[in-house]
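Biologist: Please take a close look at one helix in this model. I would like to know how it sits against its surroundings, and what the sheet beside it looks like.

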Amino acid sequence: MPFATPDAASADRAGSMLVARLRGAALAAAAWLAIAGPSVAAAAEGALLVRGGYVMTMDPALGDLDGGDVLIRDGRIVAVGRDLDASGAQVLDAAGRFVLPGFVDTHSHLYVTTMRGQFRNAQGEFFPVSSRLAAAMTPEDVGVAMRLGALELLDGGITATADFFDNVPGPAHGEAGLAALEASGIRATLYYGGPDKTTRHPIDVDHLARLARGRDPGDRVRLGLAWRLPRDLSDEENWAMRRREYEAARALGLPVQVHVSGQPGPMFDALIERGLLFQGMTVVHATDAGAARLRALDAAGASLSLTPLSEHRVGYGLARLDAFAAATRQGLGIDGNALAGRGDMFATLRLAALTWSGGARDETAPDPRALLELATRRGADAIGLGDETGRLAPGRRADLQVIDPDALSLSGFGGGDPAALIVYSAGPANVSDVVVDGRVLKRDGRLTGVDLPALLAEARRSAVALRERAAAGAPDASSTSGTAP
Ligand SMILES: [Zn+2]
């Protein structure tokens, strides 16, 4: 299927660039084949071949490849090119479809997934409602919500998530969260946080250390620290508690995500002034970071996570990505499926693009290709997974999605820029196949190995019980009343 023939593509600037990329990609792929020929043949046994798709590698050296194959062995990509010799490999036919790296969600709170429909704005703001419901969660509730949330991400082509788990009142909750991420099949870093969002109580770093010691650095599910600063930035006693958490994570070599929502400017300044930024840190919701703060972020090698859907939802302002262009390491996040509405990176991309062009009063300002890079390669780099995922290139783990344009929402594409098509028109329902670590987790539009009706019923039971328990525990929980779905 000719997604971008030279004739059609030469009609516009984007098309010409695509042709150039196609030529570059073909050369790069040919070079790779020349080097890697024998090992490609050897990789056939127990291998998976994603065959004949329009491959958007998101790798600057490989570019796009029309009619390209991705060969996977033992969970890793071993070759990207045309007509790869992989006899005996399991074949995933991607002819006429787009093959991309899986999206990388750089910040989420999956445990809020079973709170969908509870945030009713004037009748129930996110922070008080989610705090009240979170306090009523058992480890089983946490497990169901996080498993369901992770599956929703996978269903929409998100293959890696950074889960800011700030509802860990005891070790059993922490372990339930970890087990849910393991069971879902998604690539994840679980950032282990405190018992609630208040920062009054310490994070159980001893438990975090025990969990961390039982894991390998290369595991699909990894650990980090979900960190918050004192609400009152002059409270030195609270700072001492926070310092102990930070030092524990650094000693364990774990990445840290820090929430600066609420007072993003002063909190960002505190991170700079106290010398806390480092290469393994991601600053989240820094919605009013200016040039000076972003320069300090860059100098420290730290990264930024922006979550346009939730940042708009809770009224932090308009997430104008052009205001953050100075941050080298940055990515996009969902910030909780129920808060964002859906675990949907396509919706995130579309909102980011529209806010940008609308705000700048310039249709040409957003570059769809650059947005896709943020959601894939750059997002992976931002959360320290750039060597593992975010691009389709030999040596990377096999995390990819296949987008099928044979649908009403993507109909009428006769060539042009696939990146523009995906950013402005695609959605989770267009994702036909998803592979993580070489395992096919979605095939022909359906999640594999999951009894979805049973899991949805379990989630509904958990959500109803949660509301009842929260209402019983807190007489003022009227905002959580209403009709169950
Ligand atoms: Zn968040």
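Modeller: This is a predicted model. Start with helix 6, residues 205–213, where Val205, Leu208 and Ala212 are buried. These residues lie on the same side of helix 6, because they cover an arc of only 55 degrees around the axis. Turn to the other side of helix 6 and you find Asp206, Arg210 and Arg213, which are exposed. What covers the buried residues? The cover includes strand 8 (187–192), strand 9 (221–228) and helix 7 (236–252).

Two of those covering elements, strand 8 and strand 9, lead us to the sheet. Eight strands form this open sheet, in the order 6-7-8-9-10-11-12-13, and the pairing is parallel. Strand 6 (103–108) and strand 13 (330–332) are the edge strands, and each pairs on one side only. On average, neighbouring strands of the sheet are turned by 20 degrees against each other, direction ignored.

Now pick one pair from the order. Strand 10 (residues 256–259) and strand 11 (residues 281–284) pair in the parallel sense over four bridges. Within that pair, His259 stands opposite Val284 in strand 11.

Other helices pack on this sheet too. Helix 5 (residues 171–184) touches strand 7 (158–165), strand 8 and strand 9. The direction of helix 5 makes about 170 degrees with that of strand 8. Helix 13 (residues 368–375) touches strand 6 and strand 13, the edge strands of the sheet. The direction of helix 13 makes about 90 degrees with that of strand 13.

For contrast in pairing, go back along the chain to strand 2 and strand 3. Strands of a sheet pair through backbone hydrogen bonds, either parallel or antiparallel. Strand 2 (residues 64–73) and strand 3 pair in the antiparallel sense, over five bridges. One bridge joins Arg73 to Arg76 in strand 3. The hairpin of strand 2 and strand 3 has two residues between the strands, and there Asp74 takes a positive phi near 50 degrees. Strand 3 is largely enclosed by the rest of the structure, because five of its six residues are buried.

Follow the chain out of strand 3 (76–81) and you meet Arg82, in the loop that leads to strand 4 (90–93). Arg82 is partly exposed, because 16 other C-beta atoms lie within 10 Å. Arg82 and Gly67 are 15 residues apart along the chain, with their C-alpha atoms separated by 6.6 Å.

Key. Residues are numbered from 1 along each chain as its sequence is written. This is a predicted model: local features need pLDDT of at least 70, side-chain atom pairs count only at pLDDT 80 or more; totals for chains, interfaces and linings use all residues. A residue is buried if 20 or more other C-beta atoms lie within 10 Å of its own, exposed if 12 or fewer, and partly exposed in between; C-beta atoms are placed from the backbone. The arc is that of the directions from the helix axis to the C-beta atoms. Two residues are in contact if their C-beta atoms, placed from the backbone, lie within 7 Å. Two strands pair if DSSP finds at least two bridges between them. Axes are lines fitted to C-alpha atoms, for helices over the stretch in contact, and angles run from 0 to 180 degrees between N-to-C directions.
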